[in-house]
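Welcome, and please take a moment to turn the structure around before reading on. We will walk from the overall picture to some individual residues.

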Amino acid sequence: MDRNKIALIGGGQIGGNLALIAAEKELGDIVIFDIPKMESMVKGKALDIMQLRPHDGYDVNIIGTSDYQDIKESDVIVITAGIPRKPGMDREDLISINLSIMKDVANNVKKYAPDSFVIVISNPLDAMVYTFYKVSGFAKNKVVGMAGALDSGRFRTFIAMETGYSVQDVTCIVLGGHGDSMVPITRLATVGGVPVTDLISTERLAEIEHRTRFAGGEIVKLLGNGSAYYAPAQCAMEMAESYIKDKKRVIPCATFCEGEFGVNGYFIGVPIVIGSGGVEKILEFTLTDDEKTALNNTLDVVKKTVAETGL
Ligand code: TXD
């Protein structure tokens, strides 16, 4: 039986970590694709991870390339192609440059890996995953955006930091666009099944929600040049693993909604089941009136950015 094949379109900060995590999980052979002027960089990263194999014992092949032929018949495609934010920039400021890049990537993925499951990471995420979907013509169950996994993970992290309890036992979900208007659903957050509203004050929870919404910008400011890459890479590979191993993980992802949560015709962060069928189900649940208002607000922001794609 042939190994699975994972192609990473973009071999920069996140791309390099995607390759390492995919190799260590032994998810399949890995292709790190980048533009010609970056080809030697991705060849170097691939060779470096190949040389890690004797120590971690994973038997997969990793190559770096700028030839799209090399992504042929990939099972999973993860796209980070594009530029990241600099301090002071909003994700939406990236759209002009990243839009043209995403159109080029979508046409090539359509040509060389038409049956793959595609995970888009590039920002502005909700518009970039929409662009890939529209340009590639892929079925909606085969295209997702990675954002909710990261935003929910950040929310979990801050709750664990506040309580001092294990982050493993914190569960919560963040819905909506991958931007400052995202919607942490605090009402459903628990630590080991105990509602966080019984563990943390209302004021502190509001501060934690705010820190979650702006967590990306916090790291951009601290790094000074680029954005987060370790956690985003891990989140995307969890999604890829659920597809490859048919794990039926329930993960919040930017998913094309056609009526779910009152959203029609846009990608937005909602809880989905990821298995070998890709997006196998959107798990709808009843929102409070305040949550509905917040979701409509974030949807308006998504609509505005998507409108800038002209698609
Ligand atoms: O949660 C999320 N979705 C976000 C997404 C979390 C963090 C970062 N987010 C976005 O991911 C970020 O704003 C960027 O738009 C992407 C990638 O971030 P990364 O930090 O990996 O950026 P790099 O290091 O600049 O890497 C981008 C690579 C780089 O090597 C370019 O040469 C390459 O993309 N690139 C291309 N690859 C293929 N094809 C084309 N046309 C291309 N253009 C640039």
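In this predicted model, the chain is built from 10 helices and 14 strands. Its radius of gyration is 19 Å, close to the 19 Å that the globule rule gives for 311 residues, so the chain is as compact as a globular protein of that length. If you draw a box around the C-alpha atoms along the principal axes, the box comes to roughly 50 × 45 × 40 Å.

What about the inside and the outside? Of the 311 residues, 53% count as buried. The accessible surface adds up to about 13600 Å², and carbon and sulfur atoms account for 50% of that surface. Contacts along the chain tell their own story: among those with a separation of 6 or more, 69% are between residues 24 or more positions apart.

Next, look for the two domains. Domain 1 covers residues 5-145, and domain 2 covers residues 148-307. How far apart are their centres? Taken over C-alpha atoms, the centres of domain 1 and domain 2 are separated by 22 Å. The domains also touch each other, with 39 residues of domain 1 in contact with 43 residues of domain 2.

Now let us follow one strand, β12, which runs through residues 249-258. C257 belongs to this strand. Is C257 buried or exposed? With a relative accessible area of 0%, below the 20% cut-off, C257 is buried. Its contacts, leaving aside neighbours within four places in sequence, are V263, N264, G265, Y266, I268, V270 and I282. F267 sits 10 residues from C257 along the chain, and the C-alpha atoms of the two are 6.1 Å apart.

Right beside C257 in the sequence is E258, which forms a salt bridge with K140; here the closest N and O atoms are 2.6 Å apart. E258 lies in strand β12 and K140 in the loop between α5 and β6 (143-145), so this pair ties together parts that are 118 residues apart in sequence. Both partners are partly exposed: E258 has a relative accessible area of 46%, and K140 has 34%.

That salt bridge has company. Side chains of opposite charge can pair when their charged atoms come close. The count for this structure comes to 13 salt bridges. R204 is a good residue to visit, with a relative accessibility of 33% that makes it partly exposed. One of its partners is E162, with the closest N and O atoms 2.5 Å apart. This pair links distant parts of the chain, since R204 lies in helix α7 (residues 202-213) and E162 in helix α6 (residues 148-163), 42 residues apart. E162 is partly exposed too, at 32%.

R204 also forms a salt bridge with E207, and there the closest N and O atoms are 2.4 Å apart. This time both residues lie in helix α7, 3 residues apart, which is about one turn of the helix. E207 counts as partly exposed at 43% relative accessibility. Elsewhere, K25, E241 and K245 are linked in a network of salt bridges.

The backbone deserves a look as well. Most residues other than glycine have a negative phi, and most peptide bonds are trans. Which peptide bond is cis here? One is the bond from N123 to P124, with omega near -5 degrees. P124 is found in the loop between β5 (117-120) and α5 (125-136).

Then go to the loop between α9 (230-244) and β12, where D246 is placed. D246 has a positive phi of about 55 degrees although it is not a glycine. K248 is found in the loop between α9 and β12 as well, and its phi is also positive, near 55 degrees. Both residues count as partly exposed, D246 with a relative accessible area of 32% and K248 with 39%.

Finally, turn to the surface. Which residues make a nonpolar patch of about 260 Å² there? They are Y165, V194 and L199. Of these, V194 is found in strand β11 (residues 194-195), and at 37% relative accessibility it counts as partly exposed.

Methods: Residues are numbered from 1 along each chain as its sequence is written. This is a predicted model: local features need pLDDT of at least 70, side-chain atom pairs count only at pLDDT 80 or more; totals for chains, interfaces and linings use all residues. Side-chain values use heavy atoms; hydrogens and water are left out. Patches are made of residues with over 30% relative accessible area and no salt bridge: like charges are joined within 9 Å, nonpolar side chains (Val, Leu, Ile, Met, Phe, Trp, Tyr) within 5 Å. Accessible areas come from the Shrake-Rupley method with a 1.4 Å probe; for residues, only the protein chains shown count as cover. A salt bridge is a side-chain nitrogen of Lys or Arg within 4 Å of a carboxyl oxygen of Asp or Glu. Helices (H or I, at least four residues) and strands (E, at least two) are DSSP runs, numbered from the N terminus. Buried means under 20% relative accessible area, exposed over 50%, partly exposed in between (1.4 Å probe, protein chains only). The radius of gyration is taken over C-alpha atoms; the globule rule is 2.2 Å times the number of residues to the power 0.38. Contact means heavy atoms within 4.5 Å. Domain bounds come from an automatic or database domain assignment.
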